[in-house]
Amino acid sequence: MLLVQAVVVKPGFVVDVAEVAEPVCGPGEVVIEVRRVQLSVTECMLMAGADVALSDQLARRLEDGPVQFGGHEFAGVIAEVGADVRGLEVGQRVTAVETLPCGTCAACRRSWASACVAPAIIGFTRPGALAERLVVPASAVVAVPDGVSLAAAAAIQPLAGAVHAHAALDVRPGESVLVLGGGVMGLLGVAVARHGNAGLVALSTHSPRKLELGGRFGADALIDAGSDVLAAVEELTGGIGFDVVVETAGGSADLGLAGLSTVELAAQAVRRGGRIAMVSVLDAHAPLPTGLLRSKSVTLIHPRSGAGDHACAATVFEHCFGLVQRNLVDPEALITHTVQGLDAIHEAMDITQHKSTYDAINPAQMELS
Ligand SMILES: [Zn+2]
């Protein structure tokens, strides 16, 4: 049996690199040699044994021994093409959409792939790209166009998430957008609003460096989160508040996030009848300012991460590659830390889980030779 190196989680949530069976290319599938893989905060938390979404699934699988885990944001080169695959060839630079609808549940049979009750997720429910090679259905593969680096391609999934949030918010021409938080999702939210059809785009964050990046990514107004943000909101909007607020800063203080303060701020800064996208991941039972949201008739939207409702199709990824190719969005400007080889998994996890300590913006990327 041929073997490849891969990251595995062992019982007790011990993360290691081990040899696993080389992926076999079946009909309708391709094998991809991984060149770049970017960690996500969520998968690092899962691998470290944190109690977040999908953690019970991983815990159950660990009862049977080590689990190959992680790696849904990646780019590489096609190494093998299975039978019945059209339009893809060995050597082609590609990535893949991470969520794979089951194709047989009641939702899938009605072509509501986004409502699939049992989707497979690359790197979670099936082996992912924290490995030298992975096998994926050809239907999930998206070609990386010329002019887009593999580093940028490995960072495309969060951009797809920002595009999906923008679409879910139904931003109409000229509407004002306030983004709270200058991390990856905040900065990408600014860029997508700018190149969507927003009018005034404002960013509020604490870090001068992130404010500067926000300006480069297209924000018209930069608000120091330590200042009187609501006073700035009043001035910028003639006292009515923003049409749309994108909340990306809330979440666990252990991860350097803002707790619930930015959720309260979002409810205060949005106009009556406006919309808030909750991009941040809060505690499962976090209390919300429901009185204020109700009295202002605010619509609260929880966009899915990644390509969201479009997860079954490559369209959003291709759109994102277009934004990069036309130099409208530069994901590489956010890649602050790159480590070499799978053996650096612990370092990469540490950077990703302690971004403020490392002064990192993107999660760590891993370069595989
Ligand atoms: Zn399904």
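In which strand is the place of Pro-137? Pro-137 lies in strand S9, residues 133–137. The model is predicted: local features need pLDDT of at least 70, side-chain atom pairs count only at pLDDT 80 or more, and totals for chains, interfaces and linings use all residues. Residues are numbered from 1 along each chain as its sequence is written, and side-chain values use heavy atoms, with hydrogens and water left out.

**View A. Surroundings of Pro-137 in strand S9.** Strands (E, at least two residues) and helices (H or I, at least four) are DSSP runs numbered from the N terminus. Contacts, defined as heavy atoms within 4.5 Å, join Pro-137 to Gly-28, Glu-29, Leu-100 and Arg-126, not counting residues up to four places away in sequence. Glu-29 is 108 residues from Pro-137 in sequence, yet their C-alpha atoms are 4.3 Å apart.

**View B. The zinc ion and its cysteine donors.** The SG atoms of Cys-102, Cys-105, Cys-108 and Cys-116 coordinate the zinc ion at 2.3 to 2.4 Å; donors are N, O and S atoms within 2.8 Å of the metal (3.2 Å for Na, K and Ca), and water is not among the atoms, so sites may look incomplete. The arrangement is tetrahedral because the four donor atoms subtend angles of 102 to 117°, where tetrahedral requires four donors with all angles between 85 and 135 degrees. The donor spacing in sequence is C-x2-C-x2-C-x7-C.

**View C. Phe-13 in the loop between strands S1 and S2.** Strand S1 covers 3–10 and strand S2 covers 14–21. Phe-13, a residue other than glycine, has a positive phi near 60°. Its relative accessible area of 29% makes Phe-13 partly exposed (between buried, under 20%, and exposed, over 50%; 1.4 Å probe, protein chains only).

Technical notes. Tetrahedral: all angles 85-135°; square planar, octahedral: opposite > 155°, others 65-115°.
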